[in-house]
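Welcome, and please open your viewer. We will move from one selection to the next, and at each stop you will hear what to look for.

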Amino acid sequence: MTAGPAPQRRQNLRADCGSCFALCCTAFGFSRSVDFAEDKPAGTPCRHLGSEFSCTVHAGLRSRGFRGCTVFDCFGAGQAVSQRLFSGISWRERPDLQQRMFAAFKVMKQLHEMLWYLLEAQARTYDPDAAHEARDLASVITALTRGGLPELLTVDMDALHSDVRAVLVDTSEEVRASYFAESGHLDKVLAPGADLVGKNLRARRLCGADLRGACLIAADLRESDLTAVDLLGADLRDARLEGADLSAALYVTQPQINAARGSGETRLPAGISAPAHWHSQ
């Protein structure tokens, strides 16, 4: 049996904006909101995009109302599409490639994000069979990221998301089973998809709670212990994380942390960095 490609490593799932044709500033659209100061249709360049694919207002994005830009992360999909899939030929050089490049970027970003999670699942599970399953699925996805454009654009994303979700949920249940959240009267509301907007969860031992997909906008998690808390897809916009311990939380991503509020006392998982704006709050 021929071995599949070696899965990506997490260091390869980090954005290298200098090697990308500003695909995040072009492929995706946004609407005027607290995160964006104006509307931009998908598939069109941002009006602040410079001639060399750099942002002309990068230093003042948050103060100008473009907080959403400072939160975004492509997990390294931008450079993979720009340099490997399209051989370093930009959509400005070849306008006829534009739509295919943007479409490829949208798919590649999802695949890279899946790999980010699967690499964590593989490392966190105690079950060799589960680790093998995560590794095999990561190999399948890695092959797609390294294949050709036709294969990438015809991926059954719904099926792939379903397969990845099953692995992540199983690993989460296994890891969380070793912990018991001490949440008192909040036992019933600490659940997947819970509405915890502005909730006071300060200084609590939440270890093992399942907050997958929960809305934690502006929630107060200061000084709380989030060891083995499943945060897959949780909305952490403006969540207070000062002094919180997320070092062993499950499925944390850089965009989630970028959207939250924290400090030098916030403990983050390996591979996740404190955003620059934390130091100016």
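**A buried pair to begin with**

Select Asp-220 and Arg-222: both residues are buried, where buried means under 20% relative accessible area, exposed means over 50%, and partly exposed lies in between (1.4 Å probe, protein chains only). The two form a salt bridge, with their closest N and O atoms 2.7 Å apart. A salt bridge here is a side-chain nitrogen of Lys or Arg within 4 Å of a carboxyl oxygen of Asp or Glu.

Before we move on, note that this is a predicted model, in which local features need pLDDT of at least 70 and side-chain atom pairs count only at pLDDT 80 or more, while totals for chains, interfaces and linings use all residues. Residues are numbered from 1 along each chain as its sequence is written, and side-chain values use heavy atoms, with hydrogens and water left out.

**More salt bridges**

How many salt bridges does a search of the whole structure find? There are 16. For another one, select Glu-38 and Arg-47, whose closest N and O atoms are 2.9 Å apart. Glu-38 is buried at 18% relative accessible area, whereas Arg-47 is exposed at 63%.

Next, pick Asp-235 and Arg-237, a salt bridge with 2.6 Å between the closest N and O atoms. Arg-237 is partly exposed, at 31% relative accessibility. Now add Asp-35, Arg-67 and Asp-238 to the selection: together with Asp-235 and Arg-237, they are linked in a network of salt bridges.

Stay with Arg-67 for a moment. This residue sits in helix H1, residues 67-71; helices (H or I, at least four residues) are DSSP runs, numbered from the N terminus. Arg-67 is buried, with a relative accessible area of 17%. If you leave aside neighbours within four places in sequence, Arg-67 is in contact (heavy atoms within 4.5 Å) with Val-34, Asp-35, Leu-61, Arg-62 and Asp-238.

**From H1 to H2**

Move into the loop between H1 and H2, where you will find Phe-75. Is Phe-75 buried or exposed? With a relative accessible area of 3%, Phe-75 is buried. Check its backbone too: phi is near 60°, a positive value in a residue other than glycine. That is worth a look because most residues other than glycine have a negative phi.

Helix H2 comes next, at residues 77-85, and 7 of its 9 residues are buried. Select the buried ones: Ala-77, Gly-78, Gln-79, Ala-80, Val-81, Ser-82 and Leu-85. What covers them includes helix H3 (98-124) and helix H5 (149-153). Just after H2, look for Ser-87, which takes a positive phi of about 50°.

**Helices side by side**

Show H3 and H6 together. Their axes, which are lines fitted to C-alpha atoms over the stretch in contact, come within 10 Å and cross at roughly 25°, on a scale of angles from 0 to 180 degrees between N-to-C directions. That makes H3 roughly parallel to H6; angles under 35 degrees count as roughly parallel, over 145 as roughly antiparallel, 65 to 115 as roughly perpendicular and the rest as oblique. Where they meet, the residues of H3 include Leu-111, Met-114 and Leu-118, and those of H6 include Leu-160, Val-164 and Leu-168.

Now swap H3 for helix H4 (residues 128-145) and keep H6 (residues 157-176): these axes come within 10 Å and cross at roughly 150°. That makes H4 roughly antiparallel to H6. Color Glu-133, Ala-134, Leu-137, Ile-141 and Leu-144 in H4, which meet Leu-160, Asp-163, Val-164 and Val-167 in H6.

**Last stops**

Follow the chain into the loop between H6 and helix H7 (254-259), and select Ala-228. Ala-228 is buried at 0% relative accessibility, and its phi is positive, about 60°, although it is not a glycine.

Finally, turn to the cysteines. How many disulfides does a search of the whole structure find? The search finds 0, a disulfide being a pair of cysteine sulfur atoms within 2.5 Å. Select Cys-74 and Cys-20 to see why for one of them: the sulfur of Cys-74 is 6.1 Å from its closest cysteine sulfur, in Cys-20, too far for a bond. Cys-74 is buried at 8% relative accessibility, while Cys-215 is partly exposed at 23%.

Technical notes. Helices (H or I, at least four residues) and strands (E, at least two) are DSSP runs, numbered from the N terminus.
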